[in-house]
Every structure is written in structure tokens, then in C-alpha cells.
Amino acid sequence: MKFFTRFLFVLSLCFIGLELTGQTNEYQLSGTITDPDQQALTGATVVAMNPVDSTLLAFAISDGKGRFMLNRITRAEITLQITYIGYGSFQQSVSFTAQAPHLDLGEIWLSPENLLLEEVVVKAAHVPVLIKGDTIQYQAGAFSVRADDNVERLLKQLPGVEVARDGSIKAQGEDVKNVLVDGKPFFGNNPQVATRNLPADAVESVQVYDEASELEEFSGIDDGEEEKTINLVLKEDKKAGQFGEITAGYGSDGRYQGKASVNRFNDQSQLSLLGSANNINEPGFSVFDYIDFMGGFGNLMEQGGGRIHINDDDLGVPLNFGDGGGLNTSQALGLNYNRDLGENTTFSSNYFGSILKRALQESFTRDNVLAEEAYRSMGQQQENSRTGSHRINLEVQHELDDRQRLLFGGNIGYTNGKTSRAYALSNFTNANLLASDSRQDYRNTPLRWSSSANMQYFLKFKTIGRLFTASLSYDQQDSEGEQYLLNSDRFWQENSMLYASDSLDQQQLSAEQSAFWQARLAFTEPLNENWYWQNTLTLTREQADLDKAFLDRTETFDYQLNPLLSGVFDRTFNTSLLGTGLLFTSRRSRFDVVVQAQYGDLKSGANTANSFWYLLPRASWKHEFTSSRNLELRYSTRLNAPGLSQLQTLVDNTNSLSIYEGNPGLEPEYQHDFTAGLTIIDAFSFTNFFANLRSSYIDNRIVNRLSIDELLRQVRQPVNTDYEWQNQLYASFSTPLRVVDVSLQLRGSTSYNLGQLLVNETTDRAERWQQEWSLSFRNRKQETIAWELGAAWNFSQARYEQQDNFNQNYSRQDWFISADWFLPKDWVLSTEMERQQFSDEAFGQQNNFTLWQASVHKSILTGKRLTLKVSVFDLLNQNRGLERRNAFNYFEESQANALGRFAMLTATYKLSKVNSEG
């Protein structure tokens with residue numbers, strides 16, 4: 001590790017040295033900006049750009065007298081660009097000499113909008129970050145992307161934006177729900193499809209904002225219902241024409257990759273076709289497609305395999321898409337079509353289908369916490385699965401007239417699959433003596449249909465601010481499964497003598513149907529120019545039915561129904577929510593306070609019913625101090641009713657060493673949520689700061705009580721506890737270090753959860769800390785070389801009030817470096833290296849490995865349309881598929897088969913054709 005750290009340090013000094021030695025003399029430019037009447041223009045943007053690639057060299061803002069000063073310009077020849085809202089842009093070439101390093105251009109006047117002082121075409125102002133109201137806009141040209149990069153790699157460079165390994169995106173600490181292309185939907189609510197399939201060089205800018213609700217967009221009244229959204233603004237030559245790329249590659253060990261992205265856009269329509277096929281662990285879908293197919297997080301949590309969990313936030317199943325464990329083969333096909341059907345109607349649609357085949361071989365070691373002592377579990381599993389998914393989404397928006405809007409949407413989905421799994425599990429006492437072991441063979445063929453439809457109506461009255469809205473939505477899901485289990489369990493005495501044994505040969509049939517209805521009416525009455533009175537009525541109905549038939553194989557090899565495990569169970573949940581409140585809006589502030597009363601009627605099974613009243617207040621305040629600094633505070637409450645799987649009384653024995661039982665006596669959770677967000681952006685010093693705090697306090701928190709007998713057999717049952725407190729703080733800071741001309745970015749998040757752990761008869765107070773920090777450096781001048789280096793740290797702790805001897809610690813360090821050398825004749829040499837180091841607190845040994853890949857590519861043909869690339873992945877052949885988990889009652893390390901070293905040759909051809917008719 002010391003060698004690798006020193007290597008990074010020395011290499012970074014070399015890169016910085018390259019940057020410093022490449023510097024030339026520094027020049028200075030000044031002037032005064034006025035309008036045609038020679039009135040000073042205050043706040044004009046002045047940018048010095050490299051005339052070769054239009055990258056930013058220096059910038060300034062004109063002062064109260066219109067004066068500006070550009071310092072530390074390192075090129076003798078620059079392009080000067082000046083912009084001011086409401087006026088045309090000024091652009092001209094400027095040359096410095098050693099005899100005249102300081103130039104004063106005197107008075108520069110700007111003409112009104114659309115009249116340029118010079119006959120030039122200004123493509124873009126390369127100020128990297130701009131603030132436009134509530135929108136943060138990143139200019140793509142100010143960030144370094146390679147010719148074959150997708151949008152995801154561009155997003156990873158943006159301050160305040162994080163992209164996880166599975167492709168999920170956070171902006172300013174909040175989950176990004178939608179990714180739009182030129183303001184239009186792109187493959188529904190699956191952001192990864194856009195970010196992983198659109199080329200980065202097609203994007204002019206990236207806009208990050210809180211997307212307003214349909215009501216706010218229609219009425220202009222901020223209702224506080226927002227979703228974090230990214231809009232990809234395309235370059236002008238991509239908005240009216242065809243663009244895309246086709247990639248094909250083949251490598252050692254039979255590895256292959258194929259991708260295609262074809263887009264045809266014009267003023268009225270967007271048409272995109274995507275396709276992919278590979279066996280190098282690159283999914284053509286998101287990890288959430290897999291979770292949705294398996295029936296959601298709850299079903300994943302309750303599966304067998306020796307993976308038993310206290311909280312939903314730790315799935316405990318291997319979802320290591322990408323560089324993690326398992327070998328994946330995937331195919332995906334998608335079609336997206338948006339069209340304006342006249343002036344008053346827009347139509348959006350998409351289809352997405354995917355197939356995933358997965359081969360997993362995994363072993364794991366887990367330390368479990370008990371009231372008196374701990375015990376260790378060790379296991380192995382082998383899994384082969386195939387998952388198929390198809391989804392169609394439609395949406396139509398129609399303007400009936402200038403005061404009425406109708407919105408209709410719907411979707412239908414179908415998923416099926418087949419899984420076979422074999423696993424072995426052994427439990428050992430604290431004295432390292434074998435207590436029990438289990439073997440299981442498992443086959444499952446699930447099937448699922450889903451559909452939904454929604455309609456919304458908006459009406460604006462003649463009185464400004466008076467609004468009426470009505471909406472109706474319906475969702476339905478039907479799923480069925482057929483499972484075959486063959487279990488064998490043995491229990492041992494301390495003298496290694498067999499104490500008891502058990503076996504299970506069973507066919508499990510299940511069918512579940514669920515439906516959800518919601519109707520909502522809302523009326524807003526203006527009280528004056530800034531104050532509004534809002535009233536809402538929401539009615540919902542949830543209906544779910546579960547039919548389980550568990551059949552035991554008899555001695556005559558027939559299957560006989562097990563009445564103790566089989567039966568029919570239903571759940572109905574009806575609610576009525578009435579709310580009233582006040583809303584205040586002004587140019588810089590928004591404030592609302594609402595009181596809601598909810599009546600609920602929950603019925604489960606034949607004889608269980610529960611009715612209740614709850615008050616659900618909420619309030620929010622958002623203030624914009626300046627155009628680049630704002631603060632937002634939110635408080636809300638909500639009710640979380642127990643689900644069907646938690647209420648049903650039927651026992652699930654899929655894992656014979658860990659039985660799951662429902663609890664029909666569960667009470668709903670009452671949750672308080674508080675969020676605070678702070679944004680500070682200085683677009684001209686490149687300094688940005690984002691912070692986001694989230695805190696949730698949950699009364700009647702539902703957790704799984706774990707009962708473990710002397711043979712280490714487990715029974716899990718959901719129960720209500722007094723409380724749980726969840727907190728997360730996220731912060732991001734970036735700024736240039738001008739002495740060495742390097743950009744610095746610091747990101748960090750800290751989470752703290754406080755709850756109760758229920759094991760046997762003991763109720764313990766459990767605390768869980770999670771911290772993630774990263775620091776990275778990137779050179780700013782990237783004409784010859786573009787490099788980045790940094791480190792990330794992950795710390796996790798679990799603390800118990802009564803059983804402090806079971807306190808757990810975990811840490812992981814990642815050291816990474818990447819570089820692209822831009823060589824003569826369009827050759828590019830790239831390399832990436834990551835060193836991962838796992839601490840030794842829990843298992844007494846460190847696990848360290850290095851992931852290194854390198855490539856060389858060259859673009860040929862007219863317009864550099866064809867790129868040939870040779871890549872080598874995992875040069876040191878050290879990818880182990882290692883993962884560690886730290887939950888409330890266990891610490892686990894797993895290791896799986898992983899994609900090792902291989903080489904690949906790929907060819908990428910860019911498609912580009914501009915329509916002359918637009």
C-alpha cells in the first residue's frame with residue numbers, strides 16, 4: 001500500500017510538473033463595456049478562450065463603471081467574448097507580445113439583442129456553471145470528455161453531481177428522478193438509459209433543477225411539489241437531423257460487445273432507437289429493473305439463501321452489476337418517440353425490453369449478534385438466472401383552450417424469468433464448533449404483469465390564481481410463481497455428534513393480485529397578489545390478495561397440500577385525506593403551511609380490522625438570497641401502513657433455518673421528515689458549494705424481531721418498535737487551485753441511524769454511522785494531457801448500548817488515477833487505476849487489490865467518424881468481486897466470481913446527418 005501511495009504522489013507531481021513547465025508568460029487585458037449611448041454596462045460577462053478548442057482561459061465581470069480586467073492569461077493569442085443580457089455578443093481575436101503583455105482595449109460597446117458588433121458566430125459562452133433562476137446550468141464544453149464518452153462520464157465531472165456504480169444519479173445530494181432530452185421524456189423514468197446511451201459530444205449543456213409539478217407548470221404558482229431533474233440540451237446541429245453511433249467489439253476469452261444508438265430529431269418529433277448486447281457485465285438496463293422483476297425490495301429481503309435481515313435498507317443479495325461479482329450476459333432494445341401533434345397536443349411514448357443472464361458463484365462469512373454471544377455463519381451459493389422484461393409507456397397532453405389542460409398517461413409491463421440456485425450454509429458457535437449446516441436446491445419461475453393509467457384535468461378561472469384540478473389514477477399488478485425446494489438440515493452437538501436432522505421436498509405455488517385507486521380534487525383561491533388558500537381532498541383504495549399453495553412430496557413421490565403453510569390472505573386499505581393551508585409566493589421567497597387530516601381503514605385477513613385518524617401537517621420555506629445562493633427548508637409527515645407480506649399469517653419456510661411469519665396486529669408507522677438544502681455557486685471563480693440535510697423520525701417503526709433457538713434456527717416476525725431516527729448530511733465543494741492550475745473537488749456524506757434491535761428477549765439500542773468522503777484533483781488545461789487523481793474513504797460503525805462487546809467497525813479506501821494523453825495524428829492513450837483496501841477490524845485480515853485498465857484509440861475517416869480502440873481490462877487480474885456489509889446485527893464479507901483480465905478490439909462509427917429543412 002505504501003508503494004502505491006508513493007506511486008500516486010510521484011505521478012501527480014509529474015503531471016503537475018508537466019502543467020507548470022507548459023506554462024508561458026502571463027498576460028493582462030482590460031477595457032470598458034458600454035451601450036451605444038456610452039452608458040456603462042455593469043455585470044457583463046467577459047471570457048477569454050483558447051481559439052483552438054474554445055476552452056476557458058480567464059473570465060471577469062464588469063464593475064459599476066463597466067470596467068473589466070482579465071489577469072493571468074497564459075496564451076499569446078486568445079478569443080475574447082463579452083455577453084450581456086438583452087444585448088448581442090461581442091467577439092474578437094486578441095494577440096499579445098512580449099513587448100506588450102498588458103493591453104487596454106478602451107471602450108467596447110454592445111448593440112441591442114441580435115445585432116453583433118462583428119460578423120462572427122458565437123457558439124457558446126464557456127463559463128462552466130451558470131445560474132438561471134432555479135436552474136444550475138453546466139456548459140458541457142468546459143469539461144473534458146473523450147470522443148467515445150457517454151453522458152454518464154460527463155455527469156461525473158460536474159460539481160455537485162454524483163453517479164453511482166449502478167448508474168443512479170444524485171444532484172446536490174438528492175436522487176435524480178428524471179433525465180430529459182431538450183425538455184422531453186427519454187425512455188420514461190429510467191435515467192440510466194439516457195446517460196449511458198447518448199454520446200457526450202452531442203450535449204451543449206446540462207441543466208439541473210427541481211422540476212415543477214404539472215399544476216405549477218400550468219398555473220405558474222409554486223406548489224412545492226418538485227422532483228430533481230436533469231435536462232440534456234443538445235447542440236444545434238443535433239436538434240434537427242440524425243446522430244448516434246454504432247459500436248462492435250470482440251476480445252479474448254470470447255468477450256464481445258455491441259451497442260447502437262440512433263437518433264432522429266426535428267422541431268416536431270424525437271425518435272431514438274437503442275440496442276445493446278454484451279457479456280462483459282455492462283447492463284443494458286438499470287439495477288431497478290431487476291428489483292422490480294423480483295417483486296420489489298420486500299420480496300428480495302424475504303428470499304432464502306441464509307441471508308436474513310433486520311432492516312429493508314440492507315438487501316443482502318448480490319446486486320453487483322459492473323465490476324462486482326457474477327458474470328452477466330445482457331441484451332436490450334429500446335425505442336423512444338415524442339411528437340408534437342399540432343399546437344395544442346404533445347405525445348410521448350417508449351418501449352424498453354431487456355434480457356439478463358447471470359452466473360454467480362459466491363462464498364460469504366458473517367458474524368451474527370446474539371444477546372449472550374455471537375456466532376459465525378459461512379456459506380456458498382451457485383446461481384444461474386435468466387430475467388426478461390418488457391415495458392411500454394404512453395403520455396398525451398392536450399390544451400383544450402388557454403384555460404384548460406388534459407393529461408393522460410399509461411403503461412404496461414411484463415416480466416418473466418427462471419432461477420436455479422444451490423447453496424450450503426454452516427453455523428458455528430462462539431467456540432468455533434459446528435452447530436448446524438444446511439443444503440438447498442432451489443428453482444423458481446416467476447411471472448408478472450403490471451399496468452397503470454392516470455388522467456389529470458386543470459382549469460384556470462378568469463380570476464388570476466383561482467384554480468381547480470382533478471385527477472384519477474389506477475395501478476394493477478398480477479404475479480405468480482412456481483418454486484421447487486429441496487432442503488437438508490443437520491444439527492450437531494458439541495462433541496461433533498449428530499443431534500438431529502430434517503429435510504424438505506416441496507413445491508410452492510403463489511399468486512398475488514394488487515390494485516390501487518386514487519382520486520384527488522384541489523381548489524386554490526387567491527387572497528391577494530402573494531397569498532393563496534389551498535384545499536385538497538384525496539381518496540385512495542389499496543386492495544391485495546395472496547394465494548399460496550405449498551405442497552410436500554410424499555413417499556410415493558406425489559405432492560400433497562400442506563394446510564399449515566397454504567391459504568388465501570387479503571389486505572384492504574382505504575384512506576380519506578382532507579387538507580387546507582396557506583401559500584405565499586414572491587420573487588425570491590416561497591412559504592407554505594398545510595394541515596391535513598387522514599382517516600384510514602385497514603383490513604387484513606378474515607377478522608382483523610383497524611381504523612384510525614391522523615393529523616399530517618407540513619410546511620416549507622425557500623428563499624433565494626441572490627441568483628446563485630438559496631436556502632430551502634421542508635417539514636412533512638406521512639403514514640406508512642404495513643404491507644401484505646408483513647400482515648399475512650401464512651408462514652414462509654423457503655429458508656428452513658430462517659422462518660418468516662407475518663403479524664396481523666401491526667400498527668402504521670408515523671413518520672416526520674425534515675430536509676434543508678443550501679446552494680452557493682460562484683460561476684466566475686469556479687467555486688461551488690452544495691449541502692443537503694435529511695432527518696426522519698419514525699414512530700411505531702416496523703422492524704423484524706429475530707428469535708434464535710439453541711440450534712441456531714431463526715424465526716423472523718415484523719413488530720412495531722418505539723422509534724427510529726435516520727439522518728444524512730451531504731456536502732460538495734469544488735474550487736480551482738490557481739497556483740498549480742488544478743481543480744479540487746471534495747465530496748462527503750455522513751449518515752446516522754438510531755433504532756432498536758430485537759433479538760430473542762433482548763431489546764437493544766443500536767446506532768449506525770456511515771461516512772463517505774472523496775477528494776480528487778484534475779488538471780484544468782487539457783490540450784495535451786487530461787488527468788485526475790484522488791482518494792475515497794468509507795467508514796462504517798455499529799454501536800450497541802447493552803452489548804458493547806459486539807460493536808463493529810468497517811472501513812474501505814479507494815485510491816484512483818486516470819489519464820488521457822492526446823498524441824499526434826489523433827492517437828489517444830488512456831489508463832485508469834484503482835487501488836481498493838479493506839480494513840481488518842472484523843475478520844482479522846486486510847483485503848487489497850488493484851483494478852487497472854488501459855486503452856489506445858485512433859479516429860480515422862472524414863470528420864473522425866470511425867474510432868478504433870484496443871483495451872485491456874484488469875491488467876493485473878485481481879478483480880475478486882469482494883463486498884462487505886455492515887448492518888444492525890451482523891457484519892458480512894462475500895467474494896464472488898468476477899470478470900477478470902481480458903483484451904478487446906472495438907470499432908465505433910458515428911452517425912451524423914443534419915437536415916437542411918430543420
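**Rings, strands and surfaces in a predicted model**

Biologist: In which strand is Ser749 found?
Modeller: This is a predicted model. Residues 742-759 form one strand of it, and Ser749 belongs there. The strand is β42.

Biologist: Does Ser749 count as buried or exposed?
Modeller: Its relative accessibility is 16%. Buried means under 20%, so Ser749 falls below that cut-off. Ser749 therefore counts as buried.

Biologist: Which residues does Ser749 touch, not counting those up to four places away in sequence?
Modeller: Contact here means heavy atoms within 4.5 Å. Residues up to four places away in sequence are not counted. That leaves Leu729, Tyr730, Gln770, Gln771 and Glu772.

Biologist: How far apart in space are Ser749 and Ala731, C-alpha to C-alpha?
Modeller: Along the sequence, Ser749 and Ala731 are 18 residues apart. In space, their C-alpha atoms are separated by 6.3 Å.

Biologist: Where is the place of Val52?
Modeller: Val52 has 68% relative accessibility, so it counts as exposed. Its C-alpha atom is 9.0 Å from that of Ile78, a residue 26 places along the chain. Strand β2 covers 45-49 and β3 covers 56-61. Val52 sits in the loop between β2 and β3.

Biologist: How many helices and strands does the chain have?
Modeller: The chain has 918 residues, and 49% of them are buried. Among contacts between residues at least 6 apart in sequence, 65% join residues at least 24 apart. The secondary structure comes to eight helices and 51 strands.

Biologist: How many aromatic pairs does the structure hold?
Modeller: Two rings pair if their centres lie within 6.5 Å. By that rule, the structure's count of aromatic pairs is 17.

Biologist: Are the rings of Tyr474 and Trp517 stacked, edge-to-face or tilted?
Modeller: Their centres are 4.3 Å apart. Planes under 30 degrees apart count as stacked and over 60 as edge-to-face. The planes here stand at 45 degrees, so the pair is tilted.

Biologist: Which strands hold Tyr474 and Trp517?
Modeller: The pair ties together parts that are 43 residues apart in sequence. Trp517 is partly exposed, at 42% relative accessibility. Tyr474 lies within residues 467-492 and Trp517 within 498-526, so the strands are β26 and β27.

Biologist: What is the angle between the planes of Tyr599 and Trp613?
Modeller: Tyr599 lies in strand β31 and Trp613 in strand β32. Tyr599 is partly exposed, at 30% relative accessibility, while Trp613 is exposed, at 62%. The two form a tilted pair, 5.2 Å centre to centre. The angle is 50 degrees.

Biologist: Which ring does the charged end of Arg713 sit over?
Modeller: A charge sits over a ring when, among other limits, it is within 6 Å of the ring centre. The charged end of Arg713 lies 5.2 Å from the centre. The ring is that of Phe491.

Biologist: Which strands each supply at least two residues of the nonpolar patch?
Modeller: This surface patch covers about 700 Å². Among its residues are Trp531, Trp533, Phe591, Val593, Trp621 and Phe625. Leu582 also takes part, but Leu582 is found in strand β30. The strands that each supply at least two are β28, β31 and β33.

Note on methods
Residues are numbered from 1 along each chain as its sequence is written. This is a predicted model: local features need pLDDT of at least 70, side-chain atom pairs count only at pLDDT 80 or more; totals for chains, interfaces and linings use all residues. Side-chain values use heavy atoms; hydrogens and water are left out. Rings of Phe, Tyr and Trp (its six-membered ring) pair if their centres lie within 6.5 Å; planes under 30 degrees apart count as stacked, over 60 as edge-to-face and the rest as tilted. Helices (H or I, at least four residues) and strands (E, at least two) are DSSP runs, numbered from the N terminus. Buried means under 20% relative accessible area, exposed over 50%, partly exposed in between (1.4 Å probe, protein chains only). A charge sits over a ring if NZ of Lys or CZ of Arg is within 6 Å of the ring centre and within 35 degrees of the ring normal. Patches are made of residues with over 30% relative accessible area and no salt bridge: like charges are joined within 9 Å, nonpolar side chains (Val, Leu, Ile, Met, Phe, Trp, Tyr) within 5 Å. Accessible areas come from the Shrake-Rupley method with a 1.4 Å probe; for residues, only the protein chains shown count as cover. A salt bridge is a side-chain nitrogen of Lys or Arg within 4 Å of a carboxyl oxygen of Asp or Glu.
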